[in-house]
Amino acid sequence: MDGSESSAPQQAQVVAVHPAVEPLSYLLGTWRGQGEGGFPTINSFKYGEQLNFSHPGNKTWKLNSGEPMHAESGYWRPKPDGTIEVVIAQSTGLVEVQKGTYDAEEKVVKLHSELVGNASKVREITRVFKLVNEELVYVVEMATSLNSLQPHLKASLTKL
């Protein structure tokens with residue numbers, strides 16, 4: 001599928017957005033790009049990612065082989081006061097309940113885990129999404145039972 005095939009439906013979604021989600025409507029659509037990850041207990045790696053802010057969520061794959069890595073799906077609940085709640089379920093079985101803030105003018109969302117469930121080692125996750133020069137840039141930090149909060153993933157995605 002090329003960008004022209006996916007852009008028309010995504011534009012229609014922005015028009016029909018629920019009023020509560022309007023401040024984050026710039027996120028709606030499909031974003032695709034590359035990132036890199038690492039953590040003290042794993043080897044550094046590069047990955048490709050496609051993130052869809054409607055459904056079915058996002059998916060990641062290894063850049064060198066195309067092999068699937070994991071998928072996520074969730075719900076974003078922005079509130080008029082600039083706070084947001086996010087629930088994410090990963091294909092690995094891990095679930096996150098995150099709370100944070102968003103700034104519609106600055107186009108930034110900052111999230112911090114309130115709960116990380118079904119994870120034997122992961123204790124905390126933060127996510128920051130920011131629109132920079134028409135690209136969605138994000139950073140994920142993670143803490144485990146062995147390591148304090150530190151960078152885990154970062155990527156830059158372009159809207160399809």
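Is Tyr47 buried or exposed? Tyr47 is buried, because its relative accessible area is just 2%. Here, buried means under 20% relative accessible area, exposed means over 50%, and partly exposed is in between, worked out with a 1.4 Å probe and protein chains only.

Before going on, a word about what you're looking at. This is a predicted model, where local features need pLDDT of at least 70 and side-chain atom pairs count only at pLDDT 80 or more, while totals for chains, interfaces and linings use all residues. Residues are numbered from 1 along each chain as its sequence is written, and side-chain values use heavy atoms, with hydrogens and water left out.

**The overall picture**

The protein has one helix and 10 strands. Follow the sequence and you meet them in the pattern α-β-β-β-β-β-β-β-β-β-β. Helices (H or I, at least four residues) and strands (E, at least two) are DSSP runs, numbered from the N terminus.

There are 160 residues in the protein, and 39% of them count as buried. The accessible surface comes to about 9,200 Å², and 54% of that belongs to carbon and sulfur atoms. Those areas come from the Shrake-Rupley method with a 1.4 Å probe; for residues, only the protein chains shown count as cover.

What about contacts, meaning heavy atoms within 4.5 Å? Take the contacts between residues at least 6 apart in sequence: 33% of these join residues at least 24 apart.

**Strands side by side**

Two strands pair if DSSP finds at least two bridges between them. Strand S1 (residues 30–39) and strand S2 (residues 42–52) run antiparallel and share nine bridges. A hairpin through two residues links S1 to S2, and Glu36 sits opposite Lys46 in S2.

Further along, strand S8 (residues 122–132) runs antiparallel to strand S9 (residues 135–144), with 10 bridges joining them. Val128 has Val139 in S9 as its bridge partner. S8 and S9 also form a hairpin, with two residues between them, and Asn133 in the turn has a positive phi of about 50 degrees.

S9 has another partner too: eight bridges join S9 to strand S10 (residues 150–159), again antiparallel. Here Val137 is matched with Ser156 in S10. The hairpin formed by S9 and S10 has five residues between the strands.

**Rings in pairs**

Now for the aromatic side chains. A pair of aromatic rings is described by the distance of the centres and the angle of the planes. Rings of Phe, Tyr and Trp (its six-membered ring) pair if their centres lie within 6.5 Å; planes under 30 degrees apart count as stacked, over 60 as edge-to-face and the rest as tilted. A search of the whole structure turns up five aromatic pairs, and the table shows two of them.

| Aromatic pair | Centre to centre | Angle between planes | Type |
|---|---|---|---|
| Phe45 and Tyr47 | 5.9 Å | 45 degrees | tilted |
| Phe129 and Tyr138 | 5.7 Å | 40 degrees | tilted |

Tyr47 is the buried residue from the opening question. Phe45 counts as partly exposed because its relative accessibility is 22%. In the other pair, Phe129 is buried because its relative accessibility is 4%, and Tyr138 is buried because its value is 5%. Phe129 and Tyr138 also belong to one aromatic cluster with Phe53 and Trp76.

A charge can sit over a ring as well: that needs NZ of Lys or CZ of Arg within 6 Å of the ring centre and within 35 degrees of the ring normal. Lys107 does this over the face of Tyr26, at 5.3 Å from the ring centre.

**Two residues to look up**

Start with Glu85, which is in strand S5 (residues 83–90). Glu85 counts as partly exposed because its relative accessibility is 21%. Leaving aside neighbours within four places in sequence, Glu85 is in contact with several residues, including Tyr75, Trp76 and Lys79. With the side chain of Lys79, the Glu85 side chain makes a polar contact (3.1 Å). A polar contact is a pair of N or O atoms within 3.5 Å; within protein, one must be able to donate a hydrogen and the other to accept it, and residues adjacent in sequence count only if both atoms are side-chain atoms.

Then find His70 in strand S4 (residues 68–78). His70 is buried because its relative accessible area is 18%. The side chains of His70 and Glu72 make a polar contact (3.0 Å). Not counting residues up to four places away in sequence, His70 touches Lys59, Thr60, Gln90, Ser91 and Thr92.

Definitions and conventions:
Contact means heavy atoms within 4.5 Å.
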